[in-house]
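Welcome, and take a moment to look over the model below. We will begin with a pair of rings and then widen the view step by step.

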Amino acid sequence: MKRRMGADTSKRMITARFATVEAVFGNPRNNKRRHRITLRGHAKVDGQWKCYCLVHNIEKLAYHIYA
C-alpha cells in the first residue's frame, strides 16, 4: 500500500480530493465552528446542511469575484 500511495498518480488523486471534497466538509467544521447539526429529523438536517453548503459556495464566489 505504501508503494501504491507513493506513486505520482495517487498523490494527484489525493490532492484533487482535498481540493474538491474535503473543503466542503472542513470549512463549516473548522472555519465556521459548526461541529454539530442542531436540528432533528431528516428534512431539517438536510436543510441545515444545504444552508452550510450555500454559505460555503457564496463565499467561494465572492472570493473569486473580488480577489
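Searching the whole structure, which is a predicted model, turns up 1 aromatic pair. Its members are Trp 49 and Tyr 52, whose ring centres lie 6.3 Å apart with their planes at 80°, so the pair is edge-to-face. The cut-off behind that name is an angle of over 60 degrees between the planes. You can find both residues in helix H3, where a spacing of 3 residues separates Trp 49 from Tyr 52 by about one helical turn.

How does each partner sit with respect to the surface? Tyr 52 has a relative accessible area of 15%, so it is buried, since buried means under 20%. Trp 49, at 27% relative accessibility, counts as partly exposed.

Now let us step back to the chain that carries this pair. The protein chain has 3 helices and 0 strands, and from the N terminus on its elements run α-α-α. Of its 67 residues, 10% count as buried. The chain exposes about 6,300 Å², and carbon and sulfur atoms supply 59% of that area.

From Tyr 52 we can cross to another helix by way of Asn 27. These two residues are 25 apart in sequence, and their C-alpha atoms are 9.2 Å apart in space. Asn 27 belongs to helix H2, which covers residues 8-31. Is Asn 27 buried or exposed? With a relative accessible area of 12%, Asn 27 is buried.

Which residues does Asn 27 touch, once those up to four places away in sequence are set aside? They are Lys 32, His 56 and Glu 59. Follow the last of these and you are back in helix H3, where Glu 59 lies. Leaving out residues up to four places away in sequence, Glu 59 touches Asn 27 and Lys 32. Asn 27, Lys 32 and Glu 59 are therefore linked by contacts in which Asn 27 touches the other two and Glu 59 also touches Lys 32. Glu 59 has a relative accessible area of 33%, so it counts as partly exposed.

Finally, let your eye travel along helix H3, residues 42-66, to Tyr 66. Tyr 66 is exposed, with a relative accessible area of 72%. Together with Leu 61 and Ile 65, Tyr 66 forms a nonpolar patch on the surface, and the three have about 420 Å² of accessible area together. The walk thus takes in two tyrosines of contrasting exposure: Tyr 52 is buried, whereas Tyr 66 is exposed.

Notes: Residues numbered from 1 in each chain as written. Predicted model: local features only at pLDDT ≥ 70, side-chain atom pairs only at ≥ 80, totals over all residues. Heavy atoms only, no water. Patch = residues over 30% accessible without salt bridge, like charges linked within 9 Å, V, L, I, M, F, W, Y side chains within 5 Å. Areas by Shrake-Rupley, 256 points an atom, 1.4 Å probe, with all protein chains shown as cover. Salt bridge = Lys/Arg side-chain N within 4 Å of Asp/Glu carboxyl O. Helix = DSSP H or I, 4+ residues; strand = E, 2+ residues; numbered from the N terminus. Buried < 20%, exposed > 50% of the residue type's maximum accessible area, 1.4 Å probe, protein only. Contact = heavy atoms within 4.5 Å. Phe/Tyr/Trp six-rings, centres within 6.5 Å; stacked < 30°, edge-to-face > 60°.
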